[in-house]
Amino acid sequence: MSRLRSVPADPVDRAHLPVDEWRLVEARPGGDLGLKETLFATANGYLGMRGTPEEGRDAENYGTFLNGFHETWHINHAESAFGFARTGQTMVSVPDSSVLKLYVDDEPLLLSIADLEEYERWIDFREGVLHRDLIWRTPAGKRVRVSSSRMVSFPQRHLSLMTLRVEMLEGSAPIAISSQIINRQDFRDDFGRGVDGGPITDKDDPRRTTDFTHRVLEPLQDWHSERRMLLGYRVANSGMTLAVGADHQVESEAEVERLVDTTPDLGRQVVRAHLEQGESLTVRKAVTYHSSRSVPHRELFDRCRRTLDRVRRQGFTAQFEEQREYLADFWRSSDVQLPGQPAAQQATRWCLFQLAQAAARSDQWGIPAKGVTGSGYEGHYFWDSEIYVVPFLTFTQPRWARNALRFRTNMLPKARERARELNQRGALFPWRTINGDEASAYYAAGTAQYHIDADVSYAFAQYVDVTGDLDFQHRDGVQVLVETARMWSDLGFWRLRADGGASFHINGVTGPDEYTTVVNNNMFTNVMARFNLRRAAQAVRELRTADATAYEALRSDLDLDEMELEQWEACADGMHVAKDESLGIHLQEDRFLEREIWDLSSTPDEVFPLLLNFHPLVIYRFQVLKQADVVLALFLRGSEFTAEEKRADFEYYDPITTGDSSLSAVVQSIMAAEVGHQAAALDYFRAGLFVDLGNLHHNTGDGVHIASAGGVWNALVHGFGGMRHDDGRISFDPRLPADWPELSFPLTVRGSRFRVRLVRDEISFTLEHGDATEVTVRGETVAVTADGASVPLTDQGPMLDDAVLARPVGLGDERADGSIMTSFVPGDPEDPWEYPVASDPDDIIDQG
């Protein structure tokens, strides 16, 4: 049984983070600083600020990030070869403008040692504003109320607003507030300056980012006036440019003195006043960031001035109101409601809010694996976005989904170049990237994941099916579908069968599971490629019928021969998807069953994740999965498999899946619910729901797991809600957990938004916006109108005994060929018997 199923019902530290269905609240300071900085980050998809304290200390990982703003560096391979990735890319931490240091009687406020009578920090998901309120008894015995706020604007993606208000409750004292912009990327007041050199990578954990020892942000200009300061930079190798500017407004009953100064790596405005009891001092700080691939910093300065001038005219109140309106619209289209489940409700809304913070204003940039909340994975974009995040956007925020897919369209020229480099036709999207170049230095678990082409195409097809946006399909989507289909038809090959027929094979690839690499006929890859090939042919024919002029332009631009369409469909029809008849399962790859099974039940917790404790070659020799692979294919292309096949596959692969990837639990939850392992479905859902709030993978300090957050929505809607879509047709087969009284969520399909409400004995639909539409519930057609419609339910699907998931199916049994599958745990070479070894079938069964 997977260790992910042992997650408590609520693993969150409630002493620090109490339950509140609409807010994340910190009841007292301290604890894991890095974790809190991620959980309380504020972002909009373009700009992100980690939740570090206003006073700047104490902090684990400072960070202000702009989506796509990066440095490049040469990847040095110890043993290089043709086609290896050459250009590394790392998201740069831009100058930190969140600092508002406070001094009372010249004593700094430091939370780690301050005498605090009251403390609360919170972010309301309906406001998108981080607040903090505390009462500080200073060393001199004076009582001061300190209130602050920080907002990264959704309506204006280049803007952030901050306030700091100091009120003397008892006594009087001189007050100083030092508002700063600090280039921490190159001058760190906590670590000091590095020396010139190349990048430094954390070799022990590939999920973490690269650090640099050379100067990254080269200063171009610094400027200030009485109330404004501007700093401009150019990134050393990538050549990207940046400008950051800040305005200040000051209010106080007392006389105020203001001092402002800028240097290449520091902008500072100091506000000083002497407050008597009952008096207050408020500093309002408007900050703007503008970046570009190449625009001169002087133009970016002008953009900063225009943004700040607009805030000066409109005021802070107007910005906060726009923020609330923006998020109110988001929640109308996105809010998943779980009555009677306050902890799960809070975590669900936090996850959905993180998706908004990652995608809302990415505006045709990609969606990084950590959004803009941390430096993990170096700010790279992966296939995770198309499979885990874009579906949420497609069904709730179609405009955001279109922007996310436009990013892939813009990347198409470089994808064509990469395909040529790997001797393929068409286009091959990079596994991980920022600027379009492949950035994975380890090709076996990176570049070999050719399935990303099919993942991108799947997202394009799903978007068009659900939204009906044929304009996007005809202008952008069809080009991506054609070029990816070309890659598959060129990559695979035909093999004659004994019956005289032929099957299409794809060799030398890696699927989603990074513990099984460079294999032949990865099932996920082949199934998704099959869909890609068919949809490409369909899209071209639809374009030919709908717009002859656009069709001829496509043929000319891509040198498209109509015979290619027949070739694609032949490849799809002949696609090899291997199945073992003795076990009744699909093979993850051709030789998967030839490996010994890793005995996960006997593996100590301290050696997970396996990738950090075992050489890849050790892992590759075993039947052991980092994440769902075959099971993910069953979900995405469910209509191509029978219920019996899905159950057999799930029951075989689930017990050998480690869950070392945060992507796995949510997919396992969906398929467990569908096949009838209802207890497992809820266990896996909790493991995905609390990945970050509970820090279950111990690396939330590096940033939010954005794909897992998207997976939470998928698990609720597709898993428990039982929603599926096939060519735009929406159907439901619900699986409401036994102890949940209700689940409801909105969906937007072809411009019509309706809310789905599921209780134990019925599912109902109410149209909220747009035209009436139709769905099906277990085969029954339902008209969705403003008057509402409901369908009675006799059950919530099959209920299976999870005991079968305790060990791999067939373990210890004699197979048709006379072989017996055994399990084993690689031991410590210094003590090979440290971990139990199973060799006798009876022992294996006992250990199960």
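**Close-up views of a predicted model**

**Figure 1. Helices α15 and α16 cross at roughly 130 degrees.** In this predicted model, helix α15 covers residues 643–653 and helix α16 covers residues 664–675, and their axes come within 10 Å. An angle counts as oblique when it falls outside the roughly parallel, antiparallel and perpendicular ranges, and antiparallel begins over 145 degrees while perpendicular ends at 115. The two helices α15 and α16 are therefore oblique to each other. The crossing of α15 with α16 is left-handed. Look for K646, R647 and F650 on the α15 side; they meet Q668, M671, A672, E674 and V675 of α16. Sorted by type, the residues of this contact between α15 and α16 are four nonpolar, one polar and three charged.

**Figure 2. Helices α6 and α9 pack at an angle of about 40 degrees.** Here you see helix α6, made of residues 398–410, beside helix α9, made of residues 470–491, with axes 10 Å apart. Is this pair parallel or oblique? The angle makes α6 oblique to α9, since roughly parallel is kept for angles under 35 degrees. The crossing of α6 and α9 is left-handed. From α6, the residues R402, L405, R406 and T409 take part, and they meet D471, F472, R475, D476 and V480 from α9. This contact of α6 with α9 brings together three nonpolar residues, one polar residue and five charged ones.

**Figure 3. R418 is a buried arginine in helix α7.** Find R418 in helix α7. Its relative accessible area is 8%, and R418 counts as buried because the cut-off is under 20%. Which residues does R418 contact, once its neighbours within four places in sequence are left aside? They are G83, A85, L428, E438 and T447. For a sense of distance, pick out P155 as well: P155 and R418 are 263 residues apart along the chain, and their C-alpha atoms are separated by 36 Å.

**Figure 4. A445 sits in the loop between α7 and α8.** Is A445 buried or exposed? With 10% relative accessibility, A445 counts as buried. Leaving out residues up to four places away in sequence, A445 touches W431, E514, T517 and Y620. You can also compare A445 with P808: the two are 363 residues apart in sequence, and 25 Å lies between their C-alpha atoms.

**Figure 5. N423 has a positive phi without being a glycine.** The phi angle of N423 is near 60 degrees. This residue belongs to the loop between α7, residues 412–421, and α8, residues 451–467. How accessible is N423? Its relative accessible area is 63%, and N423 is exposed.

**Figure 6. V518 also has a positive phi although it is not a glycine.** For V518 the angle is about 50 degrees. V518 is found in the loop that runs between strand β22, residues 502–505, and helix α10, residues 523–546. With a relative accessible area of 41%, V518 is partly exposed.

**Figure 7. A cis peptide bond joins R57 and D58.** The omega angle of this bond is about -5 degrees. To locate D58, go to the loop between strands β3, residues 47–49, and β4, residues 64–74.

**Figure 8. The peptide bond from F608 to P609 is cis.** Omega for the bond from F608 to P609 is near -5 degrees. P609 lies in the loop between strand β25, residues 596–598, and helix α13, residues 616–620.

**Figure 9. The whole chain contains 19 helices and 35 strands.** Stepping back from the close-ups, the C-alpha atoms fill a box of roughly 95 × 70 × 65 Å along the principal axes. What radius of gyration does the chain have? It is 28 Å, which agrees with the value near 29 Å for a compact globule with 848 residues. Of those 848 residues, 62% count as buried. Among contacts between residues at least 6 apart in sequence, 66% join residues at least 24 apart.

Conventions
Residues numbered from 1 in each chain as written. Predicted model: local features only at pLDDT ≥ 70, side-chain atom pairs only at ≥ 80, totals over all residues. Heavy atoms only, no water. Axes fitted to C-alpha atoms, helices over the stretch in contact; angles between N-to-C directions. Helix = DSSP H or I, 4+ residues; strand = E, 2+ residues; numbered from the N terminus. Parallel < 35°, antiparallel > 145°, perpendicular 65-115°, else oblique. Left-handed = near helix turned anticlockwise from the far one by under 90°. Contact = heavy atoms within 4.5 Å. Nonpolar A, V, L, I, M, F, W, Y, C, P; charged D, E, K, R; others polar. Rg over C-alpha atoms; globule rule 2.2 N^0.38 Å. Buried < 20%, exposed > 50% of the residue type's maximum accessible area, 1.4 Å probe, protein only.
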